[in-house]
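Subject: Structure for you to look over

Dear colleague,

I am passing on the structure we talked about, with the sequence alongside. Please look through it first, and then read the notes below.

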Amino acid sequence: MERKFNKQQKQHVRTGDTVEVIAGNAKGKRGVISEVITSKQRVVVEGVNIMKKHVKPSAQSPQGEIREFAAPIHISNVMLVDPATGKPTRTGRKENDKGKLQRFSKETGKFI
């Protein structure tokens, strides 16, 4: 029997994909996804949404420090960049010749 509630949705991007930010302060920036947080529908993109965190002095860093890190952004604010054309594209899923679902570009129709 299929579960009706708390079902994880398939995401349109994966770790290692090159994406472009389509909304927010970082609109237009491109980067590679380093982490996907499926439970919160968020992604961490390298070089996008950089935050600073002040760290108290400790044995490892007696001076203390200010660390910069990439904070997560919502998955709906990023769009996959098609490797063939280099432009952002919408994605879909269809079966390949082996019968397995695979992502494809809606603009070119080619598998990603």
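Two strands are taken to pair if DSSP finds at least two bridges between them, where strands (E, at least two residues) and helices (H or I, at least four) are DSSP runs numbered from the N terminus. This is a predicted model, in which local features need pLDDT of at least 70 and side-chain atom pairs count only at pLDDT 80 or more, while totals for chains, interfaces and linings use all residues. Residues are numbered from 1 along each chain as its sequence is written, and side-chain values use heavy atoms, with hydrogens and water left out.

By that rule, strand 1 (residues 18-21) and strand 2 (residues 30-37) run antiparallel and are joined by three bridges, with valine 19 having glycine 31 of strand 2 as its bridge partner. Strand 2 is also paired with strand 3, again in the antiparallel sense, over four bridges, and here isoleucine 37 stands opposite arginine 42 of strand 3. These two strands, 2 and 3, form a hairpin with four residues between them, and glutamine 41 in the turn has a positive phi of about 55 degrees.

The wider arrangement is an open sheet of five strands in the order 6-3-2-1-7, with antiparallel pairing; its edge strands are strand 6 (73-74) and strand 7 (78-80), each of which pairs on one side only.

UniProt, in an unreviewed entry, lists residues 12-39 as "domain: KOW"; the positions are in the numbering used here, feature names are shortened, and such annotations may be inferred rather than shown by experiment. Over residues 12-39 the chain is 0% helix and 43% strand, and the end C-alpha atoms lie 14 Å apart.

The largest nonpolar core (buried Ala, Val, Leu, Ile, Met, Phe, Trp, Tyr and Cys residues joined through side-chain atoms within 4.5 Å) has twelve residues in all, among them Val19, Val21, Ile33, Val45, Ile73 and Val78. Strand 1, strand 3 and strand 7 each supply at least two residues of this core.

Valine 45, placed in strand 3 (residues 42-45), is buried, with a relative accessible area of 1%; buried means under 20%, exposed over 50% and partly exposed in between, for a 1.4 Å probe and protein chains only. Leaving aside neighbours within four places in sequence, valine 45 is in contact (heavy atoms within 4.5 Å) with Val19, Gly31, Val32, Ile33, Ala70, Ile73 and Val78. The C-alpha atoms of valine 45 and valine 21, which are 24 residues apart along the chain, are separated by 9.2 Å.

Strand 4 (residues 50-55) is hardly covered, with zero buried residues among its six. Strand 4 pairs with strand 5 (residues 65-70) in the antiparallel sense over six bridges, and methionine 51 stands opposite phenylalanine 69 of strand 5.

Finally, a charge is said to sit over a ring if NZ of Lys or CZ of Arg is within 6 Å of the ring centre and within 35 degrees of the ring normal. Lysine 94 lies over the face of phenylalanine 104, at 4.6 Å from the ring centre, and the charged end of lysine 94 also sits over the ring of phenylalanine 111, 5.7 Å from its centre.

With best wishes
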